[in-house]
Amino acid sequence: MAAYLSIAILVTTLLQLVPALALLTPCRTSCGSVAIKYPFGVDDGCGAPQFRNMFNCNSTTELFFVTPSGNYKVESIDYDKQTMVVYDPAMSTCSILQPHHDFKMTDIQSAIIPPTSDTVFALLNCSVDSPVLNHYSYLCFNFSGHSCEELYGACNAFRVFHFLTNSTPPCCFTGYDTVRTMSMNILDCTHYTSVVNADGLRGIGPLDWVYGIKLTYMLPEGGCRRCTQSGGTCGFDTETEGRLCLCSASSNSTRECGGGTFVSKGYTKNKFLNL
């Protein structure tokens with residue numbers, strides 16, 4: 001009888017501990033190998049509200065940046081330099097030719113997490129009537145001395161353009177603003193690819209380029225330092241989007257995660273004005 005009583009007490013104790021353990025991490029801190037830190041979050045109410053619903057961690061623990069034109073795999077995030085590199089699985093590269101599509105971001109995304117100036121978009125196999133070869137030719141620029149002929153000749157995926165036309169079809173190296181304001185149909189180019197860290201690619205051939213899109217972001221005013229130093233996690237109210245410090249019920253009470261708190265949805269919240 002005493003043995004059964006001891007087991008019952010142990011089970012009851014463990015069941016009581018489960019909710020408390022869950023409170024230790026109200027927000028996921030990683031997705032696969034990619035760390036999730038402020039201002040980003042994959043759980044609603046975590047991170048800064050400006051970046052709400054922009055990220056998705058799928059069942060295979062891959063992090064994706066969500067835009068109107070699709071989901072882009074996050075390759076890396078540099079929180080010191082405040083940059084993020086994403087890869088479009090449907091984008092053409094030196095080794096694979098994909099059906100063309102547009103890269104589109106919302107107006108908010110374009111404002112707070114735009115592509116960096118050293119991300120180059122290469123518009124491929126353009127018509128001679130393309131606006132970037134005529135009235136808007138100033139949108140094309142010299143990309144570290146590289147040429148259309150070099151791109152078509154070095155890349156197996158792009159050699160088909162040579163074969164189909166028996167010539168070197170026009171291309172255009174340009175920035176994000178071009179593809180933001182004009183669709184691929186308007187640009188009259190059949191495909192695009194994008195390259196990161198373009199400033200350091202002089203003398204380096206297309207086979208060794210890093211294909212993807214590098215984005216840059218700024219931390220919201222106020223930051224998150226005081227909240228994290230108090231043991232909390234920066235987040236926001238999912239109804240009002242007011243900023244909050246999400247606190248573990250087991251952490252020590254501090255000015256940020258102590259007095260004046262209230263409990264909602266299983267973890268402690270503390271309003272803050274300046275983190």
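1. A good place to start is one ring pair: phenylalanine 158 is buried, and phenylalanine 161 is buried too (buried means under 20% relative accessible area, exposed over 50%, partly exposed in between, with a 1.4 Å probe and protein chains only). Please keep in mind that this is a predicted model, in which local features need pLDDT of at least 70 and side-chain atom pairs count only at pLDDT 80 or more, while totals for chains, interfaces and linings use all residues. Residues are numbered from 1 along each chain as its sequence is written, and side-chain values use heavy atoms, with hydrogens and water left out.

2. On to the aromatics in general: the structure holds 17 aromatic pairs (rings of Phe, Tyr and Trp, the last by its six-membered ring, pair if their centres lie within 6.5 Å; planes under 30 degrees apart count as stacked, over 60 as edge-to-face and the rest as tilted). Phenylalanine 158 and phenylalanine 161 form a stacked pair, at 6.2 Å centre to centre and 10 degrees between the planes. Elsewhere, one aromatic cluster is formed by Phe40, Phe51, Phe55, Phe65, Tyr79 and Tyr217.

3. Phe65 deserves another look. Together with Leu123, Phe65 has the most contacts inside the largest nonpolar core, which has 63 residues (such a core is a set of buried Ala, Val, Leu, Ile, Met, Phe, Trp, Tyr and Cys residues joined through side-chain atoms within 4.5 Å). Strand S7 (residues 120-126) gives the most to this core, with 6 residues. Leaving aside residues up to four places away in sequence, phenylalanine 65 touches, among others, Met84, Val86 and Leu215 (contact means heavy atoms within 4.5 Å).

4. Now the sheet. Its 5 strands make an open sheet in the order S3-S4-S5-S6-S10, with antiparallel pairing (strands are DSSP E runs of at least two residues, numbered from the N terminus, and two of them pair if DSSP finds at least two bridges between them). Strand S3 (55-57) and strand S10 (213-216) are the edges, each pairing on one side only. Strand S6 (residues 83-87) and S10 are antiparallel partners over 4 bridges, and valine 86 has isoleucine 213 in S10 as its bridge partner.

5. Finally, threonine 174, in strand S8 (residues 172-174). Threonine 174 counts as buried because its relative accessible area is 1%. Its side chain makes a polar contact of 2.6 Å with the side chain of threonine 178 (a pair of N or O atoms within 3.5 Å; within protein, one must be able to donate a hydrogen and the other to accept it, and residues adjacent in sequence count only if both atoms are side-chain atoms). Not counting residues up to four places away in sequence, threonine 174 also touches Thr119, Val120, Phe121, Leu123, Leu139 and Phe141.
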